[in-house]
Amino acid sequence: MSDQDHMAHALALAQRGLGSVWPNPAVGCVILREGRVVGRGWTQPGGRPHAEARALAQAGDLARGATAYVTLEPCAHFGKTPPCSAALIRAGVARVVTALTDPDPRVAGRGHAMLRDAGVAVTEGVLAGQARALNAGFLKRVERGLPHVTLKLATTIDGRIATRSGESRWITGPQSRRLVHLMRLQHDAVMVGIGTAMADDPELTVRDMGAARQPVRIVLDSRLRLPVNSRLGRSAGQVPVWMVHDGTADSSAWAKAGAKPISVPGMEPEAVLRAIAAEGITRIFSEGGAHVAAALLRARLVDELATFTAGIAVGADGVPALQTLGGSALADAPRLSLIEHRRIGGDVLTRWRA
């Protein structure tokens, strides 16, 4: 098997950490000796232990003279744990293969340099594209101060998210809804606007996925109109709720309920996302509504769009999936690239990349 094959194994392990390791990256590590896997690991919930530490603990003395495949450059700084580069050196690993250089200023090539200075052979850039896609949220937050945003729309075939009366449960089928829960699980936070929160009184939790770590639930509510006795308010002490507001309303009741109020004067979309990223969030799953979806697309802040389309039509008097985008010409319209199209039960999932 090739370096690419073993790195693909490490990337599959890394994916297990998505949604549970923020603000850390989701990293995977495979340790190979004489053609046999002797250790493997991935970043654990909360970001510790690191993937390399888990794999080295499993390998034990068999790590000496082995090759380690790591999806991101091993860290080189002392934080809550010693540097992973130093741990690999102490374990006697002979070769380290990585996919990406870590852009974190505390690392940024220092991990690779530390390994080489200790006589460890280093190969970089194996499956770099796949690794960048996997950790797009971590990389975007470090490089640009913004989280990776996936916008989800569940619509009728004529692009509506509710009937004229506001009825929306359920447009899509049970298979689609289950997949949405899996997508929530792989993101750090689920975000909705006040319109959706008021109309649906949602829980926004991951359900039927075992003992899953719940994403942060974020509501964009400039004047804090959502009642504290809503489902989100009543559960804020058990599952994190962040209320993003413009600073003009009294947030003490929400704070008392256990939520985190975040003040963003003006509530401009980019400023909102920067404030959320500053709290450590790397991946957001935005579930609406139409005003939030349009605002994110208009500001070119959507990285990926996932649409679930059901075979039902409600007509022009239904609620559109998007409110006004403001452009008057096709050249002004957000244009995305198709990356996936498949059937989910009786619905169709289409994924697009900005």
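Here is a short talk about a cavity, a sheet and a helix in a predicted model.

Student: What should I know about the model before we start?

Tutor: Local features need pLDDT of at least 70, side-chain atom pairs count only at pLDDT 80 or more, and totals for chains, interfaces and linings use all residues. Residues are numbered from 1 along each chain as its sequence is written, and side-chain values use heavy atoms, with hydrogens and water left out.

Student: What makes the space lined by L18, N24, N135, T282 and R283, among others, a cavity?

Tutor: On a 1 Å grid over the protein atoms alone, a cavity is a set of points where a 1.4 Å probe fits but cannot get out, and lining residues have an atom within 4 Å of a point. The structure holds 1 cavity of 30 Å³ or more. About 70 Å³ lies in the largest cavity, and 16 residues line it.

Student: Why are V272 and L273 of helix α11 called buried?

Tutor: Buried means under 20% relative accessible area (1.4 Å probe, protein chains only). V272, L273, A275, I276 and A277 are buried in α11 (residues 269–278), so each of these falls under 20%.

Student: How do you know that β1 and β2 pair?

Tutor: Two strands pair if DSSP finds at least two bridges between them. Strand β1 (residues 28–33) has 6 bridges to β2, so the two pair, and they run antiparallel. L32 stands opposite V37 in β2.

Student: What makes β2 and β5 edge strands?

Tutor: The open sheet has the order β2-β1-β3-β4-β5, with mixed pairing. β2 (36–42) and β5 (121–123) each pair on one side only.

Note on methods. On a 1 Å grid over the protein atoms alone, a cavity is a set of points where a 1.4 Å probe fits but cannot get out, and a pocket is an open set with protein on both sides within 12 Å along at least five of seven lines; lining residues have an atom within 4 Å of a point. Grid points are joined across faces, edges and corners, and a volume is the space filled by probe spheres set on the points. Buried means under 20% relative accessible area, exposed over 50%, partly exposed in between (1.4 Å probe, protein chains only). Helices (H or I, at least four residues) and strands (E, at least two) are DSSP runs, numbered from the N terminus.
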